[in-house]
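This report goes through a single protein chain, residue by residue and then pocket by pocket. Please keep the sequence and the 3D view open while reading.

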Amino acid sequence: MEFETLWQRQARLDPAQARNYIDRFAQLRTSGSDLDGEARFVDALAPRGATVLDAGCGTGRVGGALAARGHQVTGVDLDTELLAAAQTDFPGSRWLVGDLAALELRDEAGEREAFEVVVSPGNVLAFVAPGSTGAVLKSLAAHLSPTGRLVVGFSLLKGYALETFELDAAAAGLRFAARFSTWDMRPLEPGSDFIVALLEAQLTVN
């Protein structure tokens with residue numbers, strides 16, 4: 001059963017939310033603001049021409065920048081208005097409607113798709129349905145290739161505590177490879193209000 005995400009709840013209360021979001025980032029880009037920090041971070045760790053899942057892709061800002069750097073991008077989001085903007089602005093990539101808590105992307109042979117990098121920036125984990133962050137992380141981990149890596153970034157002031165994130169990550173079979181407080185890799189310190197986490201599948205010992 002699909003539950004209403006916090007983003008969907010806000011959109012229900014404010015039908016102009018998606019349009020305002022689209023316009024805000026269009027204005028930032030026009031003003032010359034640097035909007036590619038997340039893409040540079042992912043590009044630095046990804047193999048050339050990597051398969052990338054942009055989880056909670058919104059308007060495709062991050063996925064589009066990664067596609068421009070030569071990566072094969074699939075974006076997933078529940079907001080069809082944001083996805084329409086992604087399809088218009090970045091037509092060379094694949095943009096799909098999907099619930100991250102129950103994500104099941106399959107290839108033509110019916111096998112679950114695996115990606116070399118899964119990226120979920122932009123406070124996505126802070127806007128999913130309450131209580132579903134663990135399920136989201138499990139779904140994203142299930143779409144990683146054996147050597148794939150998951151990159152997430154979100155504000156620690158939006159109700160998803162670091163301690164809870166650590167427990168959810170462990171339950172999803174993920175381990176922290178690195179933690180930062182910014183997309184330009186400044187260290188995570190006590191009291192940091194933002195986390196950028198690089199996660200990998202935990203190694204299993206037979």
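S139 sits in helix α7; helices here are DSSP runs of H or I with at least four residues, strands are DSSP runs of E with at least two, and both are numbered from the N terminus. The model is a predicted one, in which local features need pLDDT of at least 70, side-chain atom pairs count only at pLDDT 80 or more, and totals for chains, interfaces and linings use all residues. Residues are numbered from 1 along each chain as its sequence is written, and side-chain values use heavy atoms, with hydrogens and water left out.

**Single residues**

S139 counts as buried because its relative accessibility is 9%. The scale is as follows: buried means under 20% relative accessible area, exposed means over 50%, and partly exposed lies in between, with a 1.4 Å probe and protein chains only. Setting aside neighbours within four places in sequence, S139 touches L100, A101, A102 and L103; a contact means heavy atoms within 4.5 Å.

Four further residues lie in loops, and the table gives their places and accessibilities.

| Residue | Place | Relative accessible area | Class |
|---|---|---|---|
| G92 | loop between α5 and β3 (94-97) | 80% | exposed |
| N123 | loop between β4 and α6 | 16% | buried |
| S132 | loop between α6 and α7 | 11% | buried |
| M185 | loop between β6 and β7 | 42% | partly exposed |

Two of these residues have a backbone angle worth checking in the 3D view. N123 has a phi near 65°, a positive value in a residue other than glycine. M185 is not a glycine either, and its phi is positive at about 70°.

Distances along the chain and through space can also be compared. G92 and I195 are 103 residues apart in sequence, and their C-alpha atoms are 30 Å apart in space. For S132 and R175 the separation is 43 residues in sequence and 19 Å in space, C-alpha to C-alpha.

**Nonpolar cores and helix α3**

A nonpolar core is a set of buried Ala, Val, Leu, Ile, Met, Phe, Trp, Tyr and Cys residues joined through side-chain atoms within 4.5 Å. The largest core has 29 residues, of which L140, L150, F165 and L199 touch the most other members. At least two residues of this core come from each of β1 (51-55), β4 (115-120), α6, α7, β5 (144-155), α8 (162-171), β6 (174-180) and β7 (194-201). Which residues does L140 contact, leaving aside its neighbours within four places in sequence? They are L53, A55, L100, L103, V118, S120 and L150.

Apart from the largest core lies another, of 23 residues, including V42, L83, W183 and F194. V42 is also one of the buried residues of α3, together with G37, E38, A39, F41, D43 and L45. Seven of the nine residues of α3 are buried, so this helix is largely enclosed by the rest of the structure. Its buried residues pack against α4, β4, β5, β6 and β7.

**Pockets**

Pockets are found on a 1 Å grid over the protein atoms alone: a pocket is an open set of points where a 1.4 Å probe fits, with protein on both sides within 12 Å along at least five of seven lines, and lining residues have an atom within 4 Å of a point. Grid points are joined across faces, edges and corners, and a volume is the space filled by probe spheres set on the points.

The largest pocket has a volume of about 900 Å³. It is lined by 46 residues, and those closest to its centre are G56, P121, G122, N123 and V124. Each of α1 (6-13), α2 (17-30), α3 (37-45), α4 (61-68), β2 (72-77), α6 (124-127) and α7 (133-142) gives at least two residues to the lining. By class, the lining of the largest pocket holds 24 nonpolar, eleven polar and eleven charged residues. In this count Ala, Val, Leu, Ile, Met, Phe, Trp, Tyr, Cys and Pro are nonpolar, Asp, Glu, Lys and Arg are charged, and the others, Gly among them, are polar.

The second largest pocket holds about 190 Å³ of space. Its lining consists of I22, F25, A26, R29, L35, T59, R61, A85, T88, D89 and F90. Two or more of these residues come from each of α2 and α5 (80-89), and α2 has the largest share, with four. The lining of the second largest pocket divides into six nonpolar, two polar and three charged residues.

**Record annotation**

An unreviewed UniProt entry places the feature "domain: Methyltransferase" at residues 52-148. UniProt positions are given in the numbering used here, feature names are shortened, and annotations may be inferred rather than shown by experiment. Over residues 52-148 the chain is 33% helix and 26% strand, and the end C-alpha atoms are 10 Å apart.
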